[in-house]
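Colleague: Before I use this model, I should like to examine the terms applied to it. Please justify each one against its criterion.

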Amino acid sequence: MSQLVLRLKAIGNSELAWRFRTSPPVIFATVVLVVLVFCAAAANLIAPHNPFDPATLNIMDARLPPVWIDGGSSTYLLGTDEQGRDILSTIFYGMRVSILVGIAAVAFSMTIGVALGLIAGYLGGWVDAVIMRLGDIQLSFPTIMIAFFIDGVAKIVMPIGMREEMRFYVVILAIGVADWVQFARTVRAATMIERRKDYVAAARISEVGGFRILLAHILPNTIGPVLVLATLGLGVAILTEAILSFLGLGMPPSQPSLGTLIRAGNDLLLSGEWWISLFPGAALVLLVLAVNIVGDWLRDVLNPRLR
Amino acid sequence: MISLLATRLTSVILVMLVVSALSFSIFNFLGDPVNNILGVNATLAQREELRVALGLDQSTFVQFWRFVERAVVGDFGVSYRNRQPVVDLILARLPATLELVLCATVIALAAGIPMGVYTALKPRGLLSRTLQFGSLLGISMPQFLIGMLLILVFSVELRWLSAFGRGDVVTLGWWSTGLLTTSGVKALIMPTITLAVFQVSMIMRLVRGEMLEVVRTDFVKFARARGLSDRAVYLTHALRNSLLPVITITGLQIGSLIAFAIVVEAVFQWPGMGMLILQAIEFADFPVMAAYLAFVGFSFVTINLIVDLIYLAVDPRLRAK
């Protein structure tokens, strides 16, 4: 127990913690992020309405403006959409989907990227050449384009009955596959340095297997930059998901993410009902902005070139 | 330098092979060319005859080779949806997208570089901080949201600009341009800004980052020690050396602009290639998807190659090797 306290104290006194305490925007972004993630995670507990329970929906309440505009109702703080669903509640639920897809997609591309990077860096030779060349080829295309194509083709190829329920996984796959290269590059470079060090030689003499050396010895020493990349990648993944959903290729209306909500509201923009699309949009920007600020800060703090 | 060019060319060929293999798979395995040409009511004998005539009885490799041969001369077959040659459809939509992308690139460079230099030289100023935050907002905001805000302000509230379409276009040969008519230029304003915001932010942040690093190097200190004016030190020595990565990123960004143009075109109902591919996916129009993939792949590869050549021309260290 006292060891844990000491450990926490050490973290509290570290340079990282000091730099965190002295940068107000980052503290603010972190607070915003925590609040948003909490709202998303606890959506079914704290959302004022359940937007996916048709029994509670009243079509007479459709397209109500936010409470501070004439005609708004205090039951629906941010107004309602075309089906009479409470915008605030759909945002909470939508944010949950967006964050889940984002995290899963980053975890997916991180796993592929780290695995391939470790293998390429450790083995070298033709394995390395094939993996990295593949990465080069993929990098000559923007990630959004790759995700767009994987998603578009998957949407058509899948049997119609499965399309809706599988979308969640298809979107994760599409975004995840599109983004593995940067992880692989970073890990490969770090592995190539690490594998020449004495501790790896020592492990090898002690007859530790290659697989174990990679996972238990080299991986922990390459993971720092990977986590920074993952934070920055999370913002991109959430945005990519929103774009795919906005184009009608991402999450279906039955399981809406923020992007899906914005798409649904887009048609009503020209008739002046801006709250249906812009409030989910604001939530999206806030979320991505907070993630990006924290990610940027982490990168700057951990980048020795900028010290 | 020749070996560098050789490696680049091999990688170009490699990429194009992979792209055409993917494009061929979409065209061949997902679509059914026989149904496409004869319709669903043809007899079995007619189908078999056409299969032989099209070479679909041959091995996959032979078929792939034929696909590549025809693709090289621009023959991607006929669209399932509107029965026109795919290449005609793409050529008709190409000018709209290219004008959008080029205008956005010009804006991005013209605004992004000065903003990056300014924020690097005066990092503590109020304007710099505002720009810094704005650029963070710019890379955190999806294009469709920027477009929707613009539509809300300038089309719904102020009624200054039309929310969709290209306006009037003038046809020069096969190229249709919106740059020569007032309504065409007006229609271009909102989509271009929407597309450019991300690139402006990106280039600004890049230039700023590079400047901050270059300003610390010895040759800049030396230039200052020689008594050169601030202007000469920063604009001639520092900026020139910070621009190298900007060339690469701008090149790559033109590629992603083509991708993001899909989003912007969807928001503004812009009749470009993005709308074409979105409709193609919606209607499972495989020949169009295959052709779009091949076309986009080819453009990206060409852009990357041009970027490398410019790099070679600009950076004397590469030429010496």
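Modeller: Helices are DSSP runs of H or I with at least four residues, and strands are runs of E with at least two. The model is predicted. Residues 290-314 of chain B are 100% helix and 0% strand, with their end C-alpha atoms 36 Å apart.

Colleague: How do you know that residues 290-314 of chain B are a "transmembrane region"?

Modeller: That name comes from UniProt, in an unreviewed entry, which also places the feature at residues 12-31, 98-121, 133-154, 174-198 and 243-270 of chain B. Such annotations may be inferred rather than shown by experiment. What the coordinates give for residues 98-121 of chain B is a span of 100% helix and 0% strand, with 34 Å between the end C-alpha atoms.

Colleague: What makes the pair D296(A) and R205(B) a salt bridge?

Modeller: The rule asks for a side-chain nitrogen of Lys or Arg within 4 Å of a carboxyl oxygen of Asp or Glu. The side chains of D296(A) and R205(B) meet at 2.4 Å, N to O, so the pair satisfies the rule. Across the interface of chain A and chain B, one salt bridge is found. The count of residue pairs in polar contact between the two chains, both residues at pLDDT 80 or more, is likewise one.

Colleague: Which helices supply the side of chain A that touches chain B?

Modeller: At least two residues each come from α6 (125-139), α7 (143-157), α11 (210-246), α12 (258-266) and α13 (275-302) of chain A. The largest share, 12 residues, comes from α13(A).

Colleague: How many residues of that side are called nonpolar, and what makes them so?

Modeller: The division is 28 nonpolar, seven polar and five charged. Residue type decides the class: Met, Phe and Ile are among those that count as nonpolar, therefore M145(A), F149(A) and I156(A) belong there. In chain A, these three residues lose the most area to chain B, together 15% of what that side buries.

Colleague: How much area do the chains bury, and on which atoms?

Modeller: Chain A and chain B bury about 3700 Å² between them, 84% of it on carbon and sulfur atoms. The contact takes 40 residues from chain A and 47 residues from chain B.

Colleague: What share of chain A is called buried?

Modeller: Of its 307 residues, 50% count as buried, because their relative accessible area is under 20%. Chain A has 13 helices and zero strands.

Methods: Residues numbered from 1 in each chain as written. Chains lettered and ligands numbered in written order. Predicted model: local features only at pLDDT ≥ 70, side-chain atom pairs only at ≥ 80, totals over all residues. Heavy atoms only, no water. Contact = heavy atoms within 4.5 Å. Buried area = accessible area lost by both parts, 1.4 Å probe. Polar contact = N/O pair within 3.5 Å; in protein donor to acceptor, adjacent residues only side chain to side chain. Buried < 20%, exposed > 50% of the residue type's maximum accessible area, 1.4 Å probe, protein only.
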